[in-house]
Amino acid sequence: SLVAELLPYVLMRLARTLASYEADRAARGLRWSRGRHLAFHLRLLALPLLPILILNGVKETLELIDALDVILVAFEPLVLPAVALTFMPLVFALSPLLVRGLLGARPLEAGPLRTRLEAYGRRAGFRPTEILLWDTGGAVSNALFIGILPRLRYVLITDALIDRMDEAAVEAVYAHEAGHGDRRHTLVFLAMALAAMMVTAI
């Protein structure tokens, strides 16, 4: 099964995370315990793997329906792309909720930084649904924009980014993410993923 095929990769990633914990804590000042840090990386792995597992589950469920058996056998190379064309846009549309739930991101609290970012958004005409703080235990210094639906678009900013940069630098990073949103890069990524799926199937 797909789960069995993915399990060695997941175990390898988690083993590498455990092995590098002390070095990462010394180099990056990780705040979390080894167990919590491992759970954090497990959630990160779930982000790309969960949609893949769901997509594969949908395909296997369709294969169990007797009435579809002849069609599925006759058009087997097109089954996965067809499911992907239906399923992947839904995944991309709902990915902000998935990311927020899995990563435990929460709204950035009111204060000078949020005021500054919102002021930039008003000047630039960029208004995401929410600005979220992603607590990584000091492991990740980054930000990202997610969302293709107008009312479901988030900017995530990590704790480490805020801790290591002044407000002007954080605003510059936020402006970069706003550029991704304004230029609809998430839609571009969706089109690329669907194109890759179709090319692979041919």
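Start at one rung of the sheet: Leu 149 has Leu 152 as its bridge partner in β4. A hairpin of 2 residues links β3 to β4 at this spot in the chain. Before going further, keep in mind that this is a predicted model, where local features need pLDDT of at least 70, side-chain atom pairs count only at pLDDT 80 or more, and totals for chains, interfaces and linings use all residues. Residues are numbered from 1 along each chain as its sequence is written, and side-chain values use heavy atoms, with hydrogens and water left out.

Back to the hairpin. Strands β3 and β4 (residues 152-158) run antiparallel and are joined by 5 bridges; another of the pairs puts Ile 146 opposite Tyr 154 in β4. On pairing, the rule is that DSSP has to find at least two bridges between two strands. β4 also pairs with β2, this time in the parallel sense, again over 5 bridges, and there Trp 134 has Thr 158 of β4 as its bridge partner. Put together, 4 strands make an open, mixed sheet in the order β1-β2-β4-β3. Its edges are β1 (106-107) and β3 (143-149), each of which pairs on one side only.

So what about the surroundings of β4? In a regular strand, side chains alternate between the two faces of the sheet. Here both faces are covered: Leu 152, Tyr 154, Leu 156 and Thr 158 are buried on one side, and Arg 153, Val 155 and Ile 157 are buried on the other. "Buried" means under 20% relative accessible area, with exposed over 50% and partly exposed in between (1.4 Å probe, protein chains only). Because 7 of the 7 residues of β4 are buried, the strand is largely enclosed by the rest of the structure. For the protein as a whole, 37% of the 202 residues count as buried.

Next, the helices. α8 lies across β2 (130-134), β3 and β4, and runs at about 25 degrees to β3. Axes are lines fitted to C-alpha atoms, for helices over the stretch in contact, and angles run from 0 to 180 degrees between N-to-C directions. α8 (residues 167-182) also meets α6 (residues 112-124): their axes come within 10 Å and cross at roughly 40 degrees. That angle makes α6 oblique to α8, on a scale where under 35 degrees is roughly parallel, over 145 roughly antiparallel, 65 to 115 roughly perpendicular and the rest oblique. In contact terms (heavy atoms within 4.5 Å), the α6 side includes Leu 113, Leu 117 and Tyr 120, and the α8 side includes Val 170, Tyr 174 and Ala 178. The residues of this contact divide into 9 nonpolar, no polar and 4 charged. For those classes, Ala, Val, Leu, Ile, Met, Phe, Trp, Tyr, Cys and Pro are nonpolar, Asp, Glu, Lys and Arg are charged, and the others, Gly among them, are polar.

Elsewhere, α1 (residues 2-19) packs on α3 (residues 34-63) at about 155 degrees, with axes 10 Å apart. That makes α1 roughly antiparallel to α3. By class, their contact has 13 nonpolar, 4 polar and 2 charged residues.

Zooming out, the protein has 9 helices and 4 strands, counted as DSSP runs (H or I, at least four residues, for helices; E, at least two, for strands) and numbered from the N terminus. The C-alpha trace spans about 60 × 45 × 25 Å along its principal axes.
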